[in-house]
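Morning, everyone. I have one structure to go through today, and I will start from a single residue and work outwards. Please have a look at it first.

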Amino acid sequence: ARPVIQYNERARWPDDPATGPLAGPAPTLFVVEARRAGPGAPLDRFAERREIARIDRTRRGTVLESYIVYRAERPIKPVLDPVRYGGR
């Protein structure tokens, strides 16, 4: 089993121990807002990453946001940044 983690909101759940398994070699699904999928995205932390799906969030036929789902494997640097509280 792999945890589900919203990497940009981790400070909301400081006691959640679920982040440990991300450091292992097993594949991870990574969902990124399409507008944030460029260089510097957390996907750069994996040696292998492959787009497997695109998902649009719509309302009444209008696309509000697009997401890209990646399969990511073999972390080459820490997958998650340390949690910082209060801007520290």
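Let me begin with Leu43. Leaving aside neighbours within four places in sequence, Leu43 is in contact with Phe30, Val32, Arg49, Tyr70 and Ala72. Before I go on, note that this is a predicted model.

Which group does Leu43 belong to? Leu43 is part of the largest nonpolar core, which has nine residues. The other members are Phe30, Val32, Phe46, Ile68, Tyr70, Ala72, Val79 and Leu80. Two elements, β1 and β3, give two or more residues each to this core. The largest share comes from β3, with three residues. As a general remark, nonpolar side chains in soluble globular proteins tend to be buried together.

Next, the aromatic rings. How many aromatic pairs turn up in a search of the whole structure? The search finds one. The rings are those of Phe30 and Phe46, with centres 5.9 Å apart and planes at 70°, so the pair counts as edge-to-face. The cut-off for that label is an angle over 60 degrees. Phe30 sits in strand β1, residues 28-33, and Phe46 in strand β2, residues 46-59, so the pair ties together parts that are 16 residues apart in sequence. Are these two rings' residues buried or exposed? Phe30 is buried, with a relative accessible area of 7%. Phe46 is buried as well, at 1%.

Staying with β1, the side chains alternate along the strand. Thr28, Phe30 and Val32 point to one face and are buried. Leu29, Val31 and Glu33 point to the other face and are not buried.

Now the sheet. The protein has three strands and zero helices, and along the sequence the pattern reads β-β-β. In what order do the strands lie in the sheet? The order is β1-β3-β2, in an open sheet with antiparallel pairing. That leaves β1 and β2 as the edge strands, each pairing on one side only. On average, neighbouring strands are turned by 25° against each other, direction ignored.

Taking the two pairings in turn, β1 and β3 run antiparallel and are joined by six bridges. On that side, Thr28 stands opposite Ala72 in β3, and Leu29 stands opposite Arg71. So much for the first pairing.

The other pairing, β2 with β3, is also antiparallel and has twelve bridges. Among the partners here, Arg54 is bridged to Ile68 in β3, and Asp56 to Ser66. Ile68 has already come up as a member of the core. β2 and β3 form a hairpin with two residues between them. Arg60, in the turn, has a positive phi of about 55°.

Finally, some totals for the protein. What percentage of its 88 residues count as buried? The figure is 19%. Among contacts with a separation of 6 or more, 61% are between residues 24 or more positions apart. The accessible surface comes to about 6,600 Å², and 50% of that belongs to carbon and sulfur atoms.

To go back to where I started: Leu43 is in contact with Phe30 and Val32, and both of those point to the buried face of β1. Leu43 is also in contact with Tyr70 and Ala72, which are listed in the core too. That is what I have; I will take questions now.

Technical notes. Residues are numbered from 1 along each chain as its sequence is written. This is a predicted model: local features need pLDDT of at least 70, side-chain atom pairs count only at pLDDT 80 or more; totals for chains, interfaces and linings use all residues. Side-chain values use heavy atoms; hydrogens and water are left out. Rings of Phe, Tyr and Trp (its six-membered ring) pair if their centres lie within 6.5 Å; planes under 30 degrees apart count as stacked, over 60 as edge-to-face and the rest as tilted. Helices (H or I, at least four residues) and strands (E, at least two) are DSSP runs, numbered from the N terminus. Buried means under 20% relative accessible area, exposed over 50%, partly exposed in between (1.4 Å probe, protein chains only). A nonpolar core is a set of buried Ala, Val, Leu, Ile, Met, Phe, Trp, Tyr and Cys residues joined through side-chain atoms within 4.5 Å. Contact means heavy atoms within 4.5 Å. Two strands pair if DSSP finds at least two bridges between them. Axes are lines fitted to C-alpha atoms, for helices over the stretch in contact, and angles run from 0 to 180 degrees between N-to-C directions. Accessible areas come from the Shrake-Rupley method with a 1.4 Å probe; for residues, only the protein chains shown count as cover.
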